There are 2 protein chains.
Amino acid sequence: MKTEITTLLEHWGDFDAVSKACQILEWDQETMLPERGGSARAMALSSLAKIAHEKLVSKEFRKALKEANAADKLSSKEAAMVREADREFKRAAKVPASLVSEIARAESEGLEAWRKAYKSNGWNDFVGKLATLVRLKRRMADAIGYAGVPYDALLDHYEPGATVKELDPLFEGLRETTVDLVQRIGRSKRKPDSSILTRHYPKDAQLAFGWKIVETMGFDRNAGRIDLSTHPFCSGFGPGDVRLTTRVNERDVRPNLFGVIHEAGHGLYEQGLDEKLMGTPLGTAISLGVHESQSRLWENIVGRSRAFWEHFFPIAKRQFPEALKNVKLADFHFAVNEVTPSFIRVEADEVTYNLHIVLRYEIEKGLFDGSIAPKNLPQVWNAKMNELLGIRPRKDSEGVLQDIHWAMGLYGYFPTYSLGNLYGAQLWDRAQRDIPDLEKKIAAGDLLPLREWLRKKIHQPGRMYSAKDLIRRATGREPSPKYFSEYVEKKFGELYDL
Amino acid sequence: MKTEITTLLEHWGDFDAVSKACQILEWDQETMLPERGGSARAMALSSLAKIAHEKLVSKEFRKALKEANAADKLSSKEAAMVREADREFKRAAKVPASLVSEIARAESEGLEAWRKAYKSNGWNDFVGKLATLVRLKRRMADAIGYAGVPYDALLDHYEPGATVKELDPLFEGLRETTVDLVQRIGRSKRKPDSSILTRHYPKDAQLAFGWKIVETMGFDRNAGRIDLSTHPFCSGFGPGDVRLTTRVNERDVRPNLFGVIHEAGHGLYEQGLDEKLMGTPLGTAISLGVHESQSRLWENIVGRSRAFWEHFFPIAKRQFPEALKNVKLADFHFAVNEVTPSFIRVEADEVTYNLHIVLRYEIEKGLFDGSIAPKNLPQVWNAKMNELLGIRPRKDSEGVLQDIHWAMGLYGYFPTYSLGNLYGAQLWDRAQRDIPDLEKKIAAGDLLPLREWLRKKIHQPGRMYSAKDLIRRATGREPSPKYFSEYVEKKFGELYDL
């Protein structure tokens with residue numbers, strides 16, 4: 001049936017096909033690509049990115065979009081499709097091609113400089129590249145436009161609609177309650193014995209246990225895969241083809257265990273998208289923050305809960321008879337919930353993690369409003385680290401140089417991690433009221449009701465509603481940090497006897 | 001440096017990137033794709049094929065090609081690039097879009113009908129689709145144009161420049177000498193004991209042995225992979241990324257063993273292409289016939305030779321101590337060279353194989369000159385089978401329905417398999433004269449001199465020369481079937497004591 005937006009959807013379909021091809025090639029690059037195939041792959045990806053961009057800003061696409069924007073009898077779904085296509089078009093069309101290629105070059109040089117600087121702990125080798133990237137991204141923000149401050153235009157790329165004005169109170173609240181909680185935990189006499197997690201956990205048993213968990217979560221094995229990669233990630237190419245990756249350390253059960261639950265949380269979102277929306281502007285996740293809400297809800301709120309381990313601990317004992325011999329459920333549960341200030345974000349626990357993000361958020365704001373000069377970053381970083389977590393990095397590779405994001409030009413990305421924590425806790429609060437006996441169900445290994453609830457409330461709508469609207473509709477409340485604060489206060493209050 | 005064909009090469013690069021993406025997605029489809037990802041993948045591939053086609057027939061490409069064709073100071077390499085781009089453009093531009101999509105639909109319906117017919121042995125369910133495909137392909141041939149007969153336009157797609165006029169004497173000669181040789185072998189008192197090949201060969205040992213062989217052949221593990229798939233194939237995405245697939249039957253050592261050598265023969269061609277030609281119209285193999293010459297030379301002429309097994313049989317004995325206990329080299333070598341008429345092409349031996357191709361070639365010619373009506377195919381097939389191999393299929397699934405090619409619209413493809421045998425033998429003849437003590441080297445496990453010779457003579461030029469020119473340049477002789485006839489006559493004369 002031909003509608004007023006059929007032509008637009010046809011063009012979008014082409015753009016989508018090329019974009020998906022890029023994603024599949026990127027997945028392949030991380031999991032399958034032979035060593036010597038790297039440069040050809042980089043070239044192919046850059047050509048395909050150019051072709052996707054050309055599709056979006058082509059005369060034909062502009063014309064179809066203009067017609068669709070002028071259409072007057074659109075359903076709400078069609079209107080949302082036009083809105084999302086328009087949004088994507090504007091971001092693509094507003095940035096001049098010359099700036100796009102300047103940025104691409106600066107990112108590739110930034111990455112190279114960062115890799116060297118990270119190894120040699122040499123901040124000075126990297127700061128110039130970072131300064132260039134900040135300058136170019138600032139120009140990009142100006143080209144795209146913003147209502148409040150330039151940084152908003154960057155945030156919007158990962159979390160559509162997010163602004164400093166909205167995030168500031170969220171992160172200030174999070175900062176205050178978390179700093180206080182971490183200090184109280186630090187003073188607690190109770191300490192877990194996390195050495196039980198670093199015994200010998202054989203690789204095959206870890207992988208089998210991981211599959212056992214994600215299948216119980218409702219991750220469809222006929223519509224997905226798990227492979228190995230250096231950095232775990234999740235890629236979705238439509239609900240029928242969702243791929244997780246993991247890494248295994250035989251001397252630490254956590255990276256694979258919680259990594260796989262985390263990625264499967266993302267994976268359930270991708271598997272839960274509406275098949276009928278595929279290839280349209282509504283056929284993907286709405287924002288990184290909402291995506292992260294799914295991974296963190298499953299990883300932390302469910303996967304580190306007492307109820308979860310009531311079901312899975314006996315299975316874990318069978319899977320790892322040596323490592324878990326004589327270990328009690330309560331001790332295991334406490335160990336996987338250890339809270340302690342540390343330098344490295346990706347290794348941080350559920351509570352201190354957000355302070356790592358607050359730090360990065362405050363620095364990114366400063367970089368883009370000019371109040372922090374790139375050359376001063378190490379001092380600023382270390383001072384803030386001390387302020388927030390009471391520890392001070394001994395070298396930049398465990399401080400300001402630890403993340404790859406800034407070298408890759410990802411500014412405005414970090415805040416979505418904490419948004420995920422906040423959204424996740426708010427969804428959990430509501431799910432507990434919507435699903436009778438949710439914790440009991442989890443303790444009995446029945447995780448599907450939660451997956452179904454999330455599928456209906458979060459996954460199925462795709463990009464139909466904005467992230468905030470989606471959270472509002474799912475929970476009946478304005479997005480707020482209070483659910484997360486209450487959740488950690490209660491959980492860690494009990495664990496650490498505060 | 002900007003030359004007169006820079007613009008053409010830029011456009012070609014985009015076309016090439018999309019085409020390569022399609023190939024990678026197809027490899028993924030056969031090896032990695034989750035079951036439920038099939039329909040999304042089919043849609044993505046059809047969109048990408050459309051986009052690649054659009055690139056090739058776009059106004060911009062036409063203009064760049066016209067300018068390049070008018071350029072007067074091209075090097076021979078540049079001229080070859082223009083020639084190949086022009087060729088590809090013409091094939092794409094001459095066939096009306098409506099016919100392209102009619103054919104795509106007919107192929108997809110043909111494939112579906114064939115799958116059913118193959119299972120139920122129901123020729124009548126399939127013949128209508130085949131008749132449609134032949135009619136559409138005939139229209140395609142007319143659109144493309146030909147000097148001799150319509151079938152030439154189809155042949156040209158897989159073997160540029162091949163014509164019935166040239167192939168007829170080749171295949172007639174092959175028919176005559178092969179029928180005679182097969183009959184003489186049938187009358188021989190000597191028979192190999194091929195039951196030693198169907199003992200228990202454990203999967204892991206088979207895969208390890210396969211890798212051992214292909215690495216000795218010079219297949220670069222850092223620039224390639226081997227995965228499992230239902231039907232073995234080789235995909236090359238540039239010299240740094242070449243992927244073979246295989247299948248393993250624990251009760252028959254042959255499918256994986258000779259499959260892997262065959263695919264690695266293809267793989268060496270792909271790894272041997274000139275890095276500098278990548279992304280240009282010269283950056284791929286010149287024809288299917290030449291590609292098949294590489295796989296068959298390695299699989300049959302090398303991989304089934306006495307010299308090869310002098311080196312590898314002791315290794316095989318260590319790899320399969322149970323299965324090969326008490327087996328002698330001579331008996332193993334004779335067993336892997338058993339010649340016997342059989343119904344199924346893909347299981348046929350080195351000698352009878354060509355008769356399977358002669359049969360298909362004669363039928364395809366008849367379908368396209370109108371002398372054979374689709375409805376009579378089973379009768380024609382069975383009569384020819386009897387004439388050529390002295391056996392008559394009991395059912396169509398072991399006769400006319402056995403191959404997937406015609407259902408997929410691949411007409412003019414089969415002859416390239418035999419061309420590969422002929423070219424392979426001619427190359428081998430020359431290689432023996434160019435490389436001192438070649439057989440001795442092979443018997444000592446030194447396969448690299450042969451790979452180097454092939455790389456220089458066949459792989460590196462890419463599409464610089466036509467297939468026939470390439471064979472002429474490599475061997476110093478006109479392409480001829482006599483080298484193959486002499487080779488099989490000598491080899492099987494000795495084995496069967498003729």
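**A walk through chains A and B**

In chain B, strand E2 and strand E3 (residues 242–246) pair in the antiparallel sense, over three bridges. The model is a predicted one. One contact point of this pairing can be named: B:Gly236 stands opposite B:Val242 of E3(B).

The pair belongs to an open sheet of three strands in chain B. The order is E1-E3-E2, and the pairing is mixed. Which strands stand at the edges? They are E1 (224–228) and E2 (234–236) of chain B. Each has a single partner strand, so one side of each is left without a neighbour in the sheet. From one strand to the next, the twist averages 15°.

A helix covers these strands. Helix H10 of chain B, residues 254–272, lies across E1, E2 and E3 of chain B. Its direction is at about 165° to E3(B).

Now take a single residue of chain B. B:Lys203 lies in helix H9, which spans residues 203–216 of chain B. Which residues does B:Lys203 touch, leaving out those up to four places away in sequence? They are B:Leu228, B:Val248 and B:Glu250. Is B:Lys203 buried, partly exposed or exposed? Its relative accessibility is 35%, so B:Lys203 counts as partly exposed. B:Lys189 is 14 residues away from B:Lys203 along the chain. The C-alpha atoms of the two lysines are separated by 35 Å.

Turn to chain A as a whole. Chain A holds 20 helices and three strands. How does its radius of gyration compare with the globule rule? The radius is 23 Å, close to the 23 Å that the rule gives for 498 residues. Chain A is therefore as compact as a globular protein of that length. Along the principal axes, its C-alpha atoms fill a box of roughly 70 × 55 × 50 Å.

The interior and the surface of chain A can be put in numbers too. Of its 498 residues, 59% count as buried. The accessible surface of chain A comes to about 20900 Å². Carbon and sulfur atoms account for 51% of that surface. Contacts tell about the path of the chain. Take the contacts in chain A between residues at least 6 apart in sequence: 72% of them join residues at least 24 apart.

One helix of chain A shows burial at the level of an element. Helix H10(A), residues 254–272, has 19 residues. From its first C-alpha to its last it reaches 26 Å, close to the 27 Å expected at 1.5 Å a residue. Of its 19 residues, 17 are buried, so H10(A) is largely enclosed by the rest of the structure.

Two aspartates of chain A deserve a look at their backbone. A:Asp437 has a positive phi of about 55°, although it is not a glycine. Where does A:Asp437 sit? Its place is the loop between helix H16 (415–434) and helix H17 (438–443) of chain A. With a relative accessible area of 48%, A:Asp437 is partly exposed.

A:Asp497 also has a positive phi of about 55° without being a glycine. This residue is found in the segment after helix H20 (482–496) of chain A. Its relative accessibility is 59%, so A:Asp497 counts as exposed. The cut-off matters here: exposed means over 50%, and values from there down to 20% count as partly exposed. That is why A:Asp437, at 48%, falls in the partly exposed class.

Key:
Residues are numbered from 1 along each chain as its sequence is written. Chains are lettered from A and ligands numbered from 1 in the order in which they are written. This is a predicted model: local features need pLDDT of at least 70, side-chain atom pairs count only at pLDDT 80 or more; totals for chains, interfaces and linings use all residues. Side-chain values use heavy atoms; hydrogens and water are left out. Two strands pair if DSSP finds at least two bridges between them. Helices (H or I, at least four residues) and strands (E, at least two) are DSSP runs, numbered from the N terminus. Axes are lines fitted to C-alpha atoms, for helices over the stretch in contact, and angles run from 0 to 180 degrees between N-to-C directions. Contact means heavy atoms within 4.5 Å. The radius of gyration is taken over C-alpha atoms; the globule rule is 2.2 Å times the number of residues to the power 0.38. Buried means under 20% relative accessible area, exposed over 50%, partly exposed in between (1.4 Å probe, protein chains only). Accessible areas come from the Shrake-Rupley method with a 1.4 Å probe; for residues, only the protein chains shown count as cover. The expected span of a helix is 1.5 Å times one less than its number of residues.
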